[in-house]
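Let us take a walk through a protein model together. Have a look at the structure below, and then we will start with a pair of strands.

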Amino acid sequence: MNDFLSTEFLGNPVSSWLLVIGGILVGFALLKLTKVLVLRRLRKFSLKTKTTIDDFLLKIIEKALVPVLYFVIIYAGLQYLELSEKATDIAKVAMLFICTFFALRFINAVIEYAILNVLKQQDDGEAKQKQAKGLLVIVKVIVWLFGIVFLLDNFGYNITTIVAGLGIGGIAIALAAQTVLGDLFSYFSILFDRPFEIGDFIIVDDKLGVVEYIGIKTTRLKSIEGDQLVCSNKDLTDSRIHNFKRMERRRVVFSIGVTYGTSPQVLEAIPNMVKAIIEKDENLVFDRGHFTTFGDFSLNFEFVYFILTSDFNAHRDAQQRIFYEIYREFEAKGIEFAFPTQTLFVNQEGDPEKAKLN
């Protein structure tokens, strides 16, 4: 038995290998026991809390920290053995690669949780979280690139040369993809500055529609005709955008013209008459009504009111009701709406008097 234990394998006696293997198994068992007893209790406790940060931390511990600890136990056990220089280097590289991999996963998870949690607490949080997916992809790519550079530096490569090469290559790529990069930076502007969001009704130049999707390069609108408009992000940020979703109330102006035969008393009563009609709706706020001009064929009034909603259909329904009631009220009181007319005076031959023709 002693001969077997003293037999060397890869430069170490079998007894040392057995001791290392036993230590690793004991470490795995203790880690498993800790995971079952501690993490399970912490998970039950986190279910009782309202915050989500404890759930996130437990998830990160299970997916990033615990796997690293298994490899740390193996690496620590191998340190007890006398390995060749090559084997030692391989173990160090493997450990560095594994730790870097899980560290990057941890960093990406923290960044993703922080961004999504901040957006979730804002208005239309779910829509904004969808918008942030493109940003998260870019952030994760950048984090992984830094991780690769870190590994190369620890493997002995000249990082200065690599970074310089990446810089020159980056300039070349930037010059070749100015349009794409312009749309990308415009996407960041839309995401953080929020000139519009998913569900907003906007007008850009002569195009109008409801925002359906905001991507890294394009934003898609559903027009009132039902078709989809695909707009470049850069075109949107460079344009003047009318966002009707942000409008708290809508100002409405309309005019009425009555005939010149209307009596002064009736003219004076018209503003109050229309005011009473508008104020019947509690969602409407009367602003003003005035006799404004003597037209070519009409006496003109101008009325202004506010509707306390940005809904265009509600605005049209209210305007329609007002017009119906004004028409009925005017008809009941014998007030005539003006329409284009012309009166000609003709001087007939042999008749000094003028005949009036309508």
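Begin with two strands that run antiparallel: E9 and E10, the latter covering residues 299–307, are joined by nine bridges. This is a predicted model, so please keep that in mind as you read on. To find your place along the E9–E10 pair, look for Phe286, which stands opposite Tyr305 in E10.

What is the order of the strands in the sheet? The answer is E8-E10-E9, an open sheet of three strands with antiparallel pairing. Strand E8 (250–258) and strand E9 (284–294) stand at the edges, and each has a single partner strand, so one side of each is left without a neighbour in the sheet. If you are wondering what holds such an arrangement together, strands of a sheet pair through backbone hydrogen bonds, either parallel or antiparallel. The sheet also has some twist to look for: on average, and with direction ignored, its neighbouring strands are turned by 20° against each other.

Now bring in the helices. Helix H10, residues 264–278, packs on the sheet and touches E8, E9 and E10, with a direction that makes about 20° with that of E10. Helix H11, residues 312–333, lies across E8, E9 and E10 too, and runs at about 25° to E8.

Next, turn to the aromatic rings. Ring pairs link Phe254, Phe291, Phe294, Phe301, Phe303, Tyr305 and Phe323 into a cluster. You have met Tyr305 already, as the residue in E10 opposite Phe286.

How many aromatic pairs does the structure hold? There are 11 aromatic pairs, and two of them make a nice contrast to look at. Phe101 and Trp144 form a tilted pair, with 5.7 Å centre to centre and 45° between the planes. This pair links distant parts of the chain, as Phe101 sits in helix H4 (residues 85–120) and Trp144 in helix H6 (residues 133–154), 43 residues apart. Phe101 counts as partly exposed because its relative accessibility is 33%, and Trp144 also counts as partly exposed, at 30%.

Tyr327 and Phe337, on the other hand, form a stacked pair, 5.6 Å centre to centre with 15° between the planes. Tyr327 belongs to helix H11, while Phe337 lies in the loop between H11 and strand E11 (344–347), 10 residues apart. With a relative accessible area of 52%, Tyr327 is exposed, whereas Phe337, at 30% relative accessibility, counts as partly exposed.

Note on methods: Residues numbered from 1 in each chain as written. Predicted model: local features only at pLDDT ≥ 70, side-chain atom pairs only at ≥ 80, totals over all residues. Heavy atoms only, no water. Pairing = 2+ DSSP bridges. Helix = DSSP H or I, 4+ residues; strand = E, 2+ residues; numbered from the N terminus. Axes fitted to C-alpha atoms, helices over the stretch in contact; angles between N-to-C directions. Contact = heavy atoms within 4.5 Å. Phe/Tyr/Trp six-rings, centres within 6.5 Å; stacked < 30°, edge-to-face > 60°. Buried < 20%, exposed > 50% of the residue type's maximum accessible area, 1.4 Å probe, protein only.
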